[in-house]
Amino acid sequence: MGRILKHPILTASKRRDITFTFNGKKLLAKEGEVISSALFAHGITVFGHHHDGSPQGIFCANGQCSHCMVIANGMAVKACMTEVIEGMLVKSLEGFPQIPHDDTPSKFSKVRTIKTPVLIVGGGPAGLSAAIEIAKFGVRGILVDDKNTLGGKLSLQTHNFFGSKGDCFAGTRGIDIGTLLTKELHSHGGELIEVWLSSSAIGVFNDRKVGIVKKGEYVLVKPEVLLVATGAREKSLAFAGSDLPGIYGAGAFQTLVNRDLIHPSEKLFICGGGNVGLISGYHALQAGIDVVGLVEALPECGGYRVHLDKLKRLGVPIYTSHTVLKADGLERIRSITICKIDKNFKPVQGTEKAFKVDTLLIAVGLSPLQEIYIKAKEYGMKVFTAGDAEVIAEASAAMFSGRIRGREIVRALGKTSFIPKEWSGLAETLRKGPGREEVKTPHILSGSVYPLIRCTQEIPCDPCRKVCPIQEIKMGAGDMRNVPSFEGESCLGCGQCVLSCPGLAIVLVDERYDQNRERARLTLPVEFTDEEIETGAEVATVGIEGEIVGKGRIIAYRNAPSQDRRRLMLLEVPFDERLDISGIKRKEAAEPEEASTLTGKEEVIICRCERVSKSEIVPLIRAGYRDVNQIKAATRAGMGACGGRTCTELILGLFREEGVDTSEVTLPVDRPPYTEITLGTFAGIKEK
Amino acid sequence: MSRNFDAIVVGAGSVGVPTALFLTLEGLKVLVLDSHSSPGQGQNKSAIGGVRATHSDPAKIHICKESLRIFSRWEKEYGDDIGWKKGGYCFPVYRKKEETILKSLLTVQRSFGLNIEWRDACGIEEVVPGILPEGLIGGTYSPDDGQVSPLLAIDAMYKASKERECEFGFGETVTDITVDANKVKGVKTDRDTYSAPIVVNAAGAYAKDLGRLNGLDIPVTPDSHEAGISAPIEQFLDPLVVDLRPGPEGKTANFYFAQNREGAIIFCYTPKKLFTGTNREPTSEFLPIVARRMIDLLPRLKNMLVRRVWRGLYPMTPDGLPICDKVREIEGMYLVVGMCGQGFMMGPGIGKNMANLIINGTPLMDEKIFSTVSFYRDFYGAKKEALK
């Protein structure tokens with residue numbers, strides 16, 4: 001716990017320290033930092049207690065749930081969305097908050113209605129790309145985002161992006177893509193696109209107006225065309241103890257670590273082997289956090305193979321066909337128990353393993369944030385959607401769909417715009433998940449230098465092909481999803497492919513190193529602050545699965561100007577092992593501990609806001625309830641701050657578990673506002 | 001599901017469910033039909049949950065006294081918590097006009113045995129902490145009124161009915177009520193056919209459409225009202241507060257709010273110009289208007305967090321009183337409709353009267369009062385209710 005002072009990719013904040021208090025204790029925060037991160041920096045992870053006594057902390061860290069509520073200067077606020085200000089008195093929220101007994105009458109200003117040709121909700125990759133396009137065509141608009149910078153979740157992605165190098169910044173780090181897009185927007189649309197930051201769209205109304213809280217002022221926006229690029233929310237998972245503080249979304253984790261440089265954990269476990277879970281594991285390791293393991297319910301991880309390989313060779317045990325059975329702890333998670341599951345996803349008795357952890361990341365997928373889109377459509381507005389709000393995919397796909405929508409919006413406004421034919425095909429390709437595996441025989445240039453490409457799965461990605469100066473990395477005919485291979489009769493040994501591969505899956509083998517063919521020199525990519533492994537040190541080498549191959553010696557590190565923050569490690573290895581090595585061993589796998597039952601709590605919470613358990617809902621399903629609204633009425637599940645956005649999917653999961661076809665189930669009715677806002681704001685009292 | 005019933009109730013809402021429950025308790029084999037997927041998915045879930053007997057109209061006083069009796073004893077008799085909070089109603093007064101109206105009603109209300117008193121400004125400030133003191137004259141306070149959770153109540157009544165073998169058909173739309181020789185024979189839906197000698201129209205906002213199937217002109221027209229609810233806060237407000245003054249913005253007639261048993265502040269206003277129709281989607285106008293009215297009256301509410309807004313329908317009759325009657329032209333046809341936005345508070349009381357009317361041929365209330373809720377009254381002649 002604390003702050004990350006050294007990070008291979010990110011630079012520690014130079015922001016001014018300010019003071020605030022938590023429950024009377026004086027603490028330091030960084031200027032501009034949100035309360036939740038400031039508290040985590042001091043190891044405070046329990047922010048209060050639900051009125052039933054259960055501890056609460058962060059869960060989404062994205063303003064969508066309300067588990068991180070605290071009292072700040074007398075007001076109940078979301079800790080993850082509220083900046084600390086000098087001298088702020090923060091208190092844990094214990095039970096229901098009181099409203100301050102401030103009985104002085106208020107003055108109201110008029111709630112303005114602003115008309116605009118285009119309103120774009122969400123300033124992530126899709127929204128930004130759309131804004132750039134409409135600006136290119138001279139169309140005016142407003143772009144709103146609830147964070148204080150543009151870029152959306154790009155600002156959390158420290159890794160190099162996949163996709164097409166020429167078309168969507170593949171090979172560039174997500175954090176930098178956000179900045180690049182923002183710059184592009186300013187250069188094309190400085191005057192045309194008004195950017196409203198720290199502004200939440202809280203709902204769309206029947207009279208075709210969108211309610212927005214713009215830096216504390218409530219305004220109504222009436223657009224001719226609306227683009228909903230609100231991204232996604234993380235799916236949740238329910239098991240005994242899943243509501244304990246310390247269990248949160250992978251997005252929340254990335255926010256803490258990569259945006260705010262907080263070191264939130266010493267021992268981390270990950271649930272979910274999709275790209276989000278795998279990447280989060282890599283981010284954790286880069287931040288110096290021990291990743292104890294990762295479970296995936298399916299027999300194979302669903303994320304990119306290259307992401308999985310990175311974790312494996314870094315020594316993270318991957319437990320496929322496993323699930324988290326329960327989490328134990330009183331005020332926060334102390335241990336988890338995992339177990340094998342059969343093909344029907346039922347736990348296999350006797351396969352339980354327990355691990356001591358302080359944090360569990362839930363990375364079990366994303367759901368599009370579509371509420372505004374669906375309602376706007378229902379109300380007959382001209383509305384478009386792009387990015388994850390439309391369909392969950394990589395950010396590269398979001399950029400493309402944003403561009404296409406941007407030009408479609410220009411058309412919808414009656415102007416002409418040209419949409420290149422290949423765009424929709426590219427967008428489609430970028431949207432595709434990993435395809436089939438194809439292991440190619442390495443193309444060895446005996447006595448020479450050559451790349452070993454350990455990219456064996458179809459993914460939309462092409463930087464290696466694009467950077468090879470002699471164009472000897474080929475991907476066959478067809479699109480960029482094909483598996484690349486080196487086919488040349490010579491190689492310059494420049495290492496550009498090693499540097500550019502977003503999957504860190506290319507190793508350069510140099511057989512010229514030793515004429516006697518006893519040793520070979522490998523060039524490997526590194527993205528760690530590696531002072532502890534010095535030049536000359538002997539290290540254990542590992543293969544693609546993380547298995548020990550033998551020993552090697554670090555000869556040197558090479559800094560490459562063409563690829564920021566990635567270095568090349570030159571490693572001397574026995575000649576016979578040269579084709580088997582893909583990395584060096586960095587950690588020992590954690591051994592399972594005795595299963596502990598600190599709480600003995602078997603209760604599975606489904607609705608976290610209202611703390612409604614599985615045992616309250618299942619009997620209703622068995623009694624014939626087939627309407628989620630009825631379950632809500634009877635139990636309050638879904639009536640909390642998040643409006644059922646976390647638990648609805650879990651409730652549908654319970655229906656499935658009970659053998660009910662969910663097409664028979666009536667879904668809950670959706671009503672604004674999507675974020676809780678003070679009554680004073682709606683009245684036109686400007687918040688300080 | 002069987003096909004033959006003693007009675008079919010159309011509408012599984014605030015009125016239909018208690019009506020069905022009381023008929024079931026009388027030993028009838030009852031079927032409830034609703035086009036929604038579950039009970040209370042019409043206007044029940046839009047209700048604020050206030051229940052008061054302190055009306056100005058004798059029939060409503062009678063009905064709601066009965067409702068209060070049923071709601072307040074529910075948990076004891078049936079075991080389910082329905083969120084009953086005996087917090088009373090308070091009508092604070094800032095103008096002579098409302099003072100005169102409310103004071104004149106006290107005599108009538110007391111003659112029905114209602115516990116209601118006139119309080120001076122200090123007495124009102126006691127029950128509504130933080131209320132704007134400037135210009136506050138006083139107001140009425142009726143401590144025996146209260147609030148119930150419409151959601152919990154309908155679920156509890158639905159369960160109680162089901163446990164007693166009352167049957168429910170959800171997702172079924174009534175397409176025909178069969179009548180032979182001026183006698184009710186049964187009901188056809190888009191899915192099935194059922195026979196019963198008695199059909200009760202408890203179709204709320206859709207009562208008129210149902211009546212048309214048999215050529216009845218039921219004068220019930222829905223208009224819509226918006227409402228909202230806050231995140232729960234620590235309890236500080238007992239009564240449901242009604243401000244009868246029209247709003248300075250020219251769009252509201254009166255407004256009201258209460259803190260329910262869960263701690264949430266639930267609020268609503270009556271629009272000056274009615275929105276006729278069945279649209280239930282929220283408008284952008286509601287929040288800014290209601291927020292100002294509430295903060296003007298109780299400034300500390302500015303800091304409460306608004307959680308949700310919605311819009312519900314008031315099935316209005318021309319004179320503002322409900323219809324609870326049997327149809328003279330068609331034997332076995334009954335109407336319990338036109339609740340004018342008070343269907344939740346009247347539900348159990350009027351349901352019980354309806355059940356009594358069906359079983360014994362007479363309602364619970366006396367005939368003179370009963371005539372004021374007759375289907376055959378002059379809807380346009382009588383003076384409108386003083387206090388709505």
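Helix α10 of chain A, residues 421-431, has Leu426(A), Ala427(A) and Leu430(A) as buried residues. Looking down the axis of α10(A), those buried residues sit within an arc of 100°, so they line one face of the helix. Keep in mind that this is a predicted model. Below is a quick tour, from that helix to the contact between the chains, the core, some odd backbone spots and the domains of chain B.

**Helix α10 of chain A**
- On the buried side, the residues of α10(A) pack against two other helices of chain A, α3 (165-168) and α9 (395-412).
- Flip to the face turned away from that buried side and you'll find the exposed residues Lys421(A) and Gly425(A).

**Where chain A meets chain B**
- Chain A puts 44 residues into the contact and chain B puts in 39 residues.
- On the chain A side, the elements giving two or more residues are β7 (75-78), α14 (628-635), β38 (677-678) and α16 (679-683).
- Sorted by character, the chain A side that touches chain B has 23 nonpolar, 13 polar and eight charged residues.
- There's strand pairing across the chains too: β38(A) runs antiparallel to β18 of chain B (residues 305-316), with two bridges between them.
- Within that pairing, Thr678(A) stands opposite Leu305(B) of β18(B).

**The loop between α15 and β38 of chain A**
- Glu664(A) sits in this loop, which comes after α15 (647-657) and leads to β38.
- Glu664(A) counts as exposed because just 11 other C-beta atoms lie within 10 Å, and the cut-off for exposed is 12 or fewer.
- Along the sequence, Glu664(A) and Asp627(A) are 37 residues apart, yet their C-alpha atoms are 8.5 Å apart in space.
- Pro673(A) belongs to the loop between α15 and β38 as well.
- The peptide bond joining Pro672(A) and Pro673(A) is cis, with omega at about -5°.

**The nonpolar core**
- The largest nonpolar core has 338 residues, and those with the most contacts inside it are Val70(A), Leu227(A), Leu360(A) and Ile8(B).
- Setting aside neighbours within four places in sequence, Leu360(A) is in contact with Gly246(A), Ile247(A), Phe269(A), Cys271(A), Val324(A), Ala327(A), Ile333(A) and Ile336(A).
- As background, nonpolar side chains tend to be buried together in soluble globular proteins.

**Two residues with positive phi**
- Lys215(A) isn't a glycine, but its phi is positive, near 45°.
- You'll find Lys215(A) in the loop between β13 (210-214) and β14 (217-228) of chain A.
- With 13 other C-beta atoms within 10 Å, Lys215(A) comes out as partly exposed.
- Leu504(A), another non-glycine residue, has a positive phi near 50°.
- Look for Leu504(A) in the loop between α12 (496-500) and β30 (506-510) of chain A.
- Leu504(A) is buried because 25 other C-beta atoms lie within 10 Å, where the cut-off is 20 or more.

**Domains of chain B**
- The domain assignment splits chain B into domain 1 (7-51 + 150-218 + 319-373) and domain 2 (86-145 + 222-316).
- Between the C-alpha centres of domain 1 and domain 2 of chain B there are 29 Å.
- Domain 1 of chain B gives 15 residues to the contact between the two, and domain 2 of chain B gives 17 residues.
- The domain 1 side of that contact in chain B has eight nonpolar and seven polar residues, with no charged ones.

Technical notes:
Residues are numbered from 1 along each chain as its sequence is written. Chains are lettered from A and ligands numbered from 1 in the order in which they are written. This is a predicted model: local features need pLDDT of at least 70, side-chain atom pairs count only at pLDDT 80 or more; totals for chains, interfaces and linings use all residues. Helices (H or I, at least four residues) and strands (E, at least two) are DSSP runs, numbered from the N terminus. The arc is that of the directions from the helix axis to the C-beta atoms. Two residues are in contact if their C-beta atoms, placed from the backbone, lie within 7 Å. Ala, Val, Leu, Ile, Met, Phe, Trp, Tyr, Cys and Pro count as nonpolar, Asp, Glu, Lys and Arg as charged, and the others, Gly among them, as polar. Two strands pair if DSSP finds at least two bridges between them. A nonpolar core is a set of buried Ala, Val, Leu, Ile, Met, Phe, Trp, Tyr and Cys residues joined through C-beta atoms within 7 Å. Domain bounds come from an automatic or database domain assignment.
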